[in-house]
Amino acid sequence: MEREPQDFGRVLSSMCTEPHPDAREAARRFLASNPGDPTTYPAVAELEREVVERLGEMTGLSDPRGYVASGGTEANLQAVRAARNLADSPDPNVVAPESAHFSFRKAADVLDVELRLAATGDDRRADPAAVRRLADAETALVVGVAGTTEYGRVDPVADLAGVAREVGALMHVDAAWGGFVLPFTDRAWNFEDAPVDIMTIDPHKMGRAPVPAGGFLARDERVLDALAVDTPYLESTSQASLTGTRSGAGVAGAHAALAALWPDGYRENYERGQANAEWLADALASRGYEVVDPVLPLVAADVPRETVDALREEGWRVSPTGSGELRVVCMPHVTREMLESFVADLDAV
Ligand SMILES: *Cc1c(COP(=O)(O)O)cnc(C)c1O
């Protein structure tokens, strides 16, 4: 029996979505190209340069360095790795808000770097004073999140960059999910808004590129140099990515999605997603649930666990936050009709 991939009709908590049709087609065409060896595969390497250029444009960086990673996990790990390699200290640490993605825990473990997690404020954003208290001369990297995974919060990036400067650390912004919606808001989050050194921004989340397409960006060539190793058996002589052979489908898919959607298509995605999030937040609040204000297209509400389980029984793909709230991510495939049908089921269970 041939298995069918699951459709997105009831997927409400995922940060992945239906790729753009052009991205699907491009991914298929470049399936066998390896951007990990750009001298042998120059066509896909050229697409990758253009993706990095475009991501720079989206994030306020005129001469971006970087590459298309396997995802936000790799990009965050590489940020920690670059900072560690550039640090003077033999015992460097990373300071991040407790709202940071769990990939930083993997990075700290793999790289044997201490991860210090600072309490967030009442607004669920990083608290620069708390981050400052944990930072010291050994701090190699300060992390801010632009669009947190659980609540869609945007950390005070400029203040965190100030802390990074003060202790001589690099400043990293994790915009893995938020990077494709934030350009259409008035939030301060990018390279232009603050002295940010490194950024994670994933085309395979809000960017409608096929998996795997993450983004690693740096302001300074030094960051890429700190990651590069010699590659004796390849035609090209050095490699900064973590993975070796990489997905040409991811690179070409990201390129095609950006060509089709930046900026107007992404603006439309953002506006529709944000309107849907606000509609759902109101619908939940009017039913007596406590709702976390959706600053980006992501809704969290304290719907009881049994109710969420009953909705899962109905086929809704919903997952809770760490503290058990219902979490709905208004990705491009999430329509108003889906949300109406979800709320009708919520009333019924
Ligand atoms: C999803 C996410 C990641 C991890 O990205 P993957 O592509 O799943 O590896 C990192 N940071 C944030 C803020 C995320 O939302």
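At what angle do the axes of helix 1 and helix 8 cross, and within what distance do they come? Let's find out in this predicted model, one close-up at a time.

**Figure 1. Helix 1 meets helix 8.** Here you can follow helix 1 (residues 21–29) as its axis comes within 7 Å of the axis of helix 8, crossing at roughly 150°. Angles over 145 degrees count as roughly antiparallel, and helix 1 and helix 8 are therefore described that way. The crossing is right-handed. On the helix 1 side, look for Asp22, Ala23, Ala26 and Ala27. Their partners on helix 8 are Ala249, Ala252, Gly253, Ala256, Ala257 and Ala260. Sorted by character, the residues of this contact are eight nonpolar, one polar and one charged.

**Figure 2. Helix 2 also meets helix 8.** Two packed helices are described by the angle between their axes and the distance between the axes. For helix 2 (residues 42–58) and helix 8 (residues 248–261), the angle is roughly 45° and the axes come within 9 Å. These two helices are therefore oblique to each other. Helix 2 passes helix 8 in a left-handed crossing. From helix 2, the contact takes in Val44, Leu47, Glu48, Glu50, Val51, Arg54, Leu55 and Met58. Helix 8 answers with Gly248, Val251, Ala252, Ala254, His255, Leu258 and Ala259. Ten residues of this contact are nonpolar, two are polar and three are charged.

**Figure 3. The ligand and its surroundings.** Take a moment to find the ligand, which has 15 residues around it. The closest are Gly72, Thr73, Asp174, His204 and Lys205. Gly72 places a backbone N or O atom 2.9 Å from a ligand oxygen. Thr73 has a polar side-chain atom 2.6 Å from an oxygen atom of the ligand. For Asp174, a polar side-chain atom sits 2.6 Å from a nitrogen atom of the ligand.

**Figure 4. Two cis peptide bonds, each leading into a proline.** One cis bond joins Val211 to Pro212, with omega about 5°. You will find Pro212 in the loop between strand 6 (198–200) and strand 7 (214–218). The other joins Trp262 to Pro263, with omega about -5°. Pro263 belongs to the loop between helix 8 and helix 9 (264–285).

**Figure 5. A positive phi at Asp112.** Which loop holds Asp112? The loop runs between helix 4 (103–111) and strand 3 (114–118). Asp112 is not a glycine, yet its phi is positive, at about 55°.

Technical notes. Residues are numbered from 1 along each chain as its sequence is written. This is a predicted model: local features need pLDDT of at least 70, side-chain atom pairs count only at pLDDT 80 or more; totals for chains, interfaces and linings use all residues. Side-chain values use heavy atoms; hydrogens and water are left out. Axes are lines fitted to C-alpha atoms, for helices over the stretch in contact, and angles run from 0 to 180 degrees between N-to-C directions. Helices (H or I, at least four residues) and strands (E, at least two) are DSSP runs, numbered from the N terminus. Angles under 35 degrees count as roughly parallel, over 145 as roughly antiparallel, 65 to 115 as roughly perpendicular and the rest as oblique. A crossing is left-handed if the near helix is turned anticlockwise from the far one by less than a right angle, and right-handed if clockwise. Contact means heavy atoms within 4.5 Å. Ala, Val, Leu, Ile, Met, Phe, Trp, Tyr, Cys and Pro count as nonpolar, Asp, Glu, Lys and Arg as charged, and the others, Gly among them, as polar. A residue is near a molecule or strand if one of its heavy atoms lies within 4 Å of it. A polar contact is a pair of N or O atoms within 3.5 Å; within protein, one must be able to donate a hydrogen and the other to accept it, and residues adjacent in sequence count only if both atoms are side-chain atoms.
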